[in-house]
Amino acid sequence: MTIPAREGRVEEHVEHAAAGRGRVVVADDDVLVREGVISLLERSGFEVVGQAGDAEQLLDLVGEHLPDLAIIDIRMPPTYRAEGLAAAHHIRKEFSSIGIVLLSAYVAVNDAMDLLASCERVGYLLKSRVTDVNDFIDSLERIMKGGSVVDPSLIMELLNARRERQIQLDDGALPDFLPHTAAVRAADWRIAPVPQDLIDRRVAQMEAEGVIFRTNMEVGKAVSVQRLLDDYEVLVLAGGAELPRDLDIPGRELDGVHFAMDFLTQQNKRVAGDAEEKAAPNGAISAKGKHVVVIGGGDTGSDCIGTSNRHGAASVTQLEILPQPPVRENKALTWPDWPLKLRTSSSHEEGAGREFSVLTKRFVGSNGKVEAIECRHVEWVSENGRMAMREVAGSEFTLKADLVLFAMGFLGPRVPGLVEQSGVDLDPRGNVQANTSDYRTSNPRIFACGDMRRGQSLVVWAIREGRQCAESVDAWLMAEARAPA
Ligand SMILES: Cc1cc2nc3c(=O)[nH]c(=O)nc-3n(C[C@H](O)[C@H](O)[C@H](O)COP(=O)(O)OP(=O)(O)OC[C@H]3O[C@@H](n4cnc5c(N)ncnc54)[C@H](O)[C@@H]3O)c2cc1C
């Protein structure tokens, strides 16, 4: 959408001494965010003179009220691409004394570079940070006084953007227009390494307790399930949910399209000190200098973003088919379940574009190599009480992509080998069937726990299930031992 010029509008900034801390217009299509921000502003002594749900309304309000500050969501209807930003440029041009705060739910500052670099009295804040009231209000005041405020999380992306523009920066150096708050965080963007010594210590402790670890030993291949059942009383299936969801669309066969785990495990091995031939025996998958598109918005996707940035990717974009969740959860609706809200990981903070409600239609390339991906926006509508996906006509767009990583979740355990040879029943979702009272499968000597039993989940669940399963195995073995011969 092009934001139309407002002809004949002359800037006539008015002093609003009676307006407390300042007069503000808030524009965001997400009514929850809008109301949250407004409530914060009002409680903090600002006067909210108008609120808008799209860019057109915003421009009308700004023209009508000439506020001190316009707080603008970057993505708004009708296409959700960058209408807020376009409106902000327009406001900057026509009413230069109005402070502008760009709000974004995700880190994608590249588009806003020109605005940020070219003027004062501007801010770029992540919605997730707005919950820190003091910080937010402090940022607004600094912007109104003529300063610029950029959320520290955006530094990496700014650096990447500069790199793309071939501007040389020393490692850790900052674009000159970044404010002090950003500079303070500049040095600590690298995530601390995993404390391997803690893992080593636990392994040593378990070995001392009598556990034998056999690595590089795939059960079902290197050793059969029957052999284990012959030699041991009990077998616990804890092999995880490793079957990745695929995307069967044109161009899937192109070089450069990979499952996330093929990419991530190589890097884990390198970090663990493995030589390249061992870490990547089938060839390295590198993101260096590439435009990376990660399909899937979960934890695996986050890991792909972090790893790609560390490889030195030219750009990283994450696509998610579901709509963007709210920034703040509705606790009344979700408690005690895991609340639905936008999650911004440290990998996102290091730099990645995030696109929601996007369907990948096909991969395109030449000479057998992927070069781009064609997408379309979708909308989610309620049909007979279920959410159904509809493609939005005319919303097609293409992204440059030299490396595509599938991080769309896992369908369940891999069946060939271990599960197949165990011969245990599977549940309707394809996981190994066992309950959480005794973790026993359809074979009384085989137990199952963790992702292999419950499907793709979280570490905390795996730990809990592992412990409870061990208790159940212990109880069974003790009962067997006590049973009369
Ligand atoms: C990329 C990624 C990122 C994640 N990020 C998070 C996160 O941030 N937070 C979180 O809570 N959860 C996260 N998860 C989920 C979490 O890792 C799992 O829920 C958890 O590890 C499950 O534990 P598990 O012991 O059941 O299975 P796993 O940890 O998957 O362990 C299964 C093990 O069994 C081995 N195995 C499989 N088959 C065989 C066989 N036939 N023979 C011998 N060994 C076999 C596998 O090699 C593996 O080592 C993530 C998952 C992935 C893939």
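The following exercises, each with a worked solution, concern a predicted model.

**Exercise 1.** Determine which domains give residues to the shell around the ligand.

*Solution.* Begin with the residues themselves. The ligand is surrounded by 20 residues, and the closest are Gly239, Gly240, Asp299, Gly450 and Ala462. Sorted by class, this shell holds nine nonpolar, seven polar and four charged residues.

Next, consider the helices. At least two shell residues come from each of helix 12 (299–311), helix 15 (415–422), helix 16 (451–454) and helix 17 (459–482).

Finally, turn to the domains. Residues of the shell are given both by domain 2 (197–238 + 412–482) and by domain 3 (246–408), so the ligand shell lies between these domains.

**Exercise 2.** Establish how helix 2 is oriented relative to helix 3 and describe the contact of these helices.

*Solution.* First, take the geometry. Helix 2 (residues 55–65) packs against helix 3 (residues 83–94) at an angle of about 25 degrees, and their axes are 9 Å apart. Because angles under 35 degrees count as roughly parallel, helix 2 is roughly parallel to helix 3. The crossing of helix 2 with helix 3 is right-handed.

Then identify the residues. From helix 2, Ala55, Leu58, Leu59 and Val62 meet Glu83, Gly84, Ala86, Ala87, His90 and Ile91 of helix 3. By class, the residues of this contact are seven nonpolar, two polar and one charged.

**Exercise 3.** Classify the orientation of helix 10 and helix 12, and describe the contact between these helices.

*Solution.* Start again with the axes. Those of helix 10 (residues 260–271) and helix 12 come within 10 Å, crossing at roughly 50 degrees. Helix 10 and helix 12 are therefore oblique to each other. Their crossing is left-handed.

The contact follows. Helix 10 contributes Ala260, Phe263, Leu264 and Gln267, while helix 12 contributes Thr300, Asp303, Cys304 and Thr307. The residues in this contact comprise four nonpolar, three polar and one charged. Helix 12 also supplies at least two residues of the shell around the ligand.

Note on methods. Residues numbered from 1 in each chain as written. Predicted model: local features only at pLDDT ≥ 70, side-chain atom pairs only at ≥ 80, totals over all residues. Near = placed C-beta within 6 Å. Helix = DSSP H or I, 4+ residues; strand = E, 2+ residues; numbered from the N terminus. Nonpolar A, V, L, I, M, F, W, Y, C, P; charged D, E, K, R; others polar. Domains from an automatic or database assignment. Axes fitted to C-alpha atoms, helices over the stretch in contact; angles between N-to-C directions. Parallel < 35°, antiparallel > 145°, perpendicular 65-115°, else oblique. Left-handed = near helix turned anticlockwise from the far one by under 90°. Contact = placed C-beta atoms within 7 Å.
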